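Okay, thanks for letting me jump in. Let me put the thing up on the screen, and then I'll walk you through it.

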Amino acid sequence: MFLYCGIACRRKFFWCYRPLSTYVTKTRYLFELKEDDDACKKAQQTGAFYLFHGLAPLLQTSAHQYLAPRHSLLELERLLGKFGQDAQRIEDSVLIGCSEQQEAWFALDLGLDSSFSISASSHKPEMETELKGSFIELRKALFQLNARDASMLSTAQALLRWHDAHQFCSRSGQPTKKNVAGSKRVCPSNNIIYYPQMAPVVITLVSDGTRCLLARQSSFPKGMYSALAGFCDIGESVEETIHREVAEEVGLEVESLQYCASQHWPFPSGSLMIACHATVKPGQTEIQVNLRELETAAWFSHDEVATALKRKGSYTQQQNGTFPFWLPPKLAISHQLIKEWVEKQTCSSLPA
Ligand SMILES: NC(=O)c1ccc[n+]([C@@H]2O[C@H](COP(=O)([O-])OP(=O)(O)OC[C@H]3O[C@@H](n4cnc5c(N)ncnc54)[C@H](O)[C@@H]3O)[C@@H](O)[C@H]2O)c1
Ligand SMILES: [Mg+2]
């Protein structure tokens, strides 16, 4: 879809016209909905709603996958009416995106209520029956969703959680009011604006040139190893966090680092994962695991990691009581980081 838009040209100050791409049009539309409460309310009329209950998304099962259904405003009003809830609850919904045809997508938690009415938290089983789905914890469902649903539900959950936890102004103690889109909250008594926050986290795959360093925390599923991760401390650059985390967790000094990719991660409460490769000097590879942070860490060869990446299916205990070595699933950025390392190693070992 192409729209025409006036663009002020810097030098001559005349209006020139060029077609806007679908992506730009969509981005500008979402920007308008965040800025203009009336436009956002209007968009709800033709929009679609992802539903949650107590931060667990409504999902339906289809061929070993979960699907996240969307409901129209009419369907939502009918549902709320059926369970004795006020249609005003729709004001608690948050904007999370839109389709290429500018159908705005919202998320609403039927179990969280900004007016603290307990009636909202009941009726969960009946709602599941009515909606022909189940409210399933995102942690359990994330890896059985397609990439688009995973991304939409992660954003929605992080935003809904943020609103639920920021009902009051931390200065005046007064209730804060969200804008229609949910992109901010304002304290009416002092006009302080609160914006949704996320915590920056670095995730680093350390290599000594031929091997890579993987670690596990006791909370990880049995047998699963991942790259080193850590929250940025206030005042730190990404580079400083990587140096500190690697030193803190495995007692090594990073020599060089390279950015790989980033990802929004909904756990524990909305993080921006920044993934990087790092190297240590070949002679300085002796790991000293910080047992307060990690259960264990070890160097793995290219072949070990390449084999683990190919492994599919569930990871059951072996006869000797151990669990096979496996890596995070595709959707996690650590998987992408490890895969990229394996591919680079494969290329560099090919004859010139
Ligand atoms: N998407 C992925 O591929 C992937 C892979 C590994 C880890 N992760 C995520 O990275 C996150 C950070 O990794 P970690 O647990 O090793 O971090 P970490 O090494 O910094 O240790 C966690 C500790 O840091 C402290 N901390 C500091 N700031 C915090 C904040 N804003 N929120 C919560 N705790 C904070 C807490 O004491 C916490 O126990 C994890 O929560 C995990 O969900 C994602
Ligand atoms: Mg860590």
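So, how many residues surround ligand 1, and which are the closest? The count is 18, and the closest are Ala-229, Gly-230, Phe-231, Ala-332 and Ser-334. If you want to follow along by element, strand 13 (199–207), strand 15 (228–231), strand 16 (256–265), strand 17 (271–279) and helix 9 (333–349) each give two or more residues to that shell. By class, the shell breaks down into 12 nonpolar, 5 polar and 1 charged residues.

Before you get attached to any of this, remember it's a predicted model. Mean pLDDT for the protein chain is 91, with 91% of its residues at 70 or more. The scores are ipTM 0.95 and pTM 0.89. The stretch to watch is residues 1–13, where pLDDT stays under 50. The model does have 18 contacts beyond four places in sequence for that stretch, but where pLDDT is low, predicted coordinates shouldn't be read in detail.

Okay, domains. The chain splits into domain 1, covering 3–194, and domain 2, which is made of 199–312 plus 323–349. Their C-alpha centres sit 33 Å apart. Where they touch, 12 residues of domain 1 are in contact with 7 residues of domain 2. On the domain 1 side, the elements giving two or more residues are helix 5 (138–141) and helix 6 (147–165). Helix 6 has the largest share there, with 8 residues. That side of domain 1 comes out as 7 nonpolar, 3 polar and 2 charged.

Now the packing. Nonpolar side chains in soluble globular proteins tend to be buried together, and here the largest nonpolar core has 36 residues. Phe-52, Val-94, Phe-106, Ala-107 and Ala-156 have the most contacts inside that core. Plenty of elements feed in at least two residues each, including helix 1 (22–35), helix 2 (37–46), strand 3 (48–53) and strand 4 (56–62). Helix 5 and helix 6 are on that list too.

There's also another core lying apart from that one, with 33 residues, among them Leu-228, Cys-232, Leu-252 and Val-305.

Last one: which residues does Val-94 contact, once you leave aside neighbours within four places in sequence? You get Phe-106, Ala-107, Ala-156, Leu-159, Leu-160, His-163, Ala-181 and Gly-182. That's me done, so over to you.

Note on methods:
Residues numbered from 1 in each chain as written. Chains lettered and ligands numbered in written order. Predicted model: local features only at pLDDT ≥ 70, side-chain atom pairs only at ≥ 80, totals over all residues. pLDDT = per-residue confidence, 0-100. Contact = placed C-beta atoms within 7 Å. Near = placed C-beta within 6 Å. Helix = DSSP H or I, 4+ residues; strand = E, 2+ residues; numbered from the N terminus. Nonpolar A, V, L, I, M, F, W, Y, C, P; charged D, E, K, R; others polar. Domains from an automatic or database assignment. Core = buried A, V, L, I, M, F, W, Y, C linked by C-beta atoms within 7 Å. Buried ≥ 20, exposed ≤ 12 C-beta atoms within 10 Å, placed from the backbone.
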